[in-house]
Amino acid sequence: MKRFTIFAAVLLFTGMAFGQCLQKGNLVGVHHLVLTPNEGYTLNQVANFYANEYCPAYEKAFPGIDAYFSMANRGEFVGECGRIFICESKEIRD
């Protein structure tokens, strides 16, 4: 749980450092994913699908929610994935 909290804090700080700011009333959901690719697929193919297909489709299907995918590429958490949802309000989330 400790590494998940650190992972979430670093992701949020990185997003804010590049000019993306949260507004009062926004909700943030951080999810740790354990991805196990089916036979014939690599983890990079699954990550590419999430980043380039799933997240844009999710944002299109649910206006007012931003979806992001992340994958650790160094350190002790190499290959671990996460997704972040930012909702404009509780009403949009519900």
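Which residue forms a salt bridge with Arg93? In this predicted model, the partner turns out to be Asp94, with the closest N and O atoms sitting 2.9 Å apart. The count of salt bridges comes to one. As for how the two residues sit, Arg93 is partly exposed, at a relative accessible area of 47%, while Asp94 is exposed, at 67%. The reason for the two labels is simply the cut-off: exposed means over 50% relative accessible area, and partly exposed covers the range between 20% and that value.

Now for the sheet. Three strands make up an open sheet, laid out in the order S1-S3-S2, and the pairing is antiparallel. Strand S1 (27–33) and strand S2 (65–71) take the edges; each has a single partner strand, so one side of each goes without a neighbour in the sheet. On average, neighbouring strands here are turned by 15 degrees against each other, with direction ignored.

A bit more can be said about how S2 and S3 are joined. Strand S3 spans residues 81–87, and seven bridges link this strand to S2, the two running antiparallel. Within this part of the sheet, Ile65 stands opposite Cys87 in S3.

Then there is a helix to place against the strands. Helix H2, made of residues 43–61, lies across S1, S2 and S3. Set against S2, helix H2 runs at about 170 degrees.

Terms used
Residues numbered from 1 in each chain as written. Predicted model: local features only at pLDDT ≥ 70, side-chain atom pairs only at ≥ 80, totals over all residues. Heavy atoms only, no water. Pairing = 2+ DSSP bridges. Helix = DSSP H or I, 4+ residues; strand = E, 2+ residues; numbered from the N terminus. Axes fitted to C-alpha atoms, helices over the stretch in contact; angles between N-to-C directions. Contact = heavy atoms within 4.5 Å. Salt bridge = Lys/Arg side-chain N within 4 Å of Asp/Glu carboxyl O. Buried < 20%, exposed > 50% of the residue type's maximum accessible area, 1.4 Å probe, protein only.
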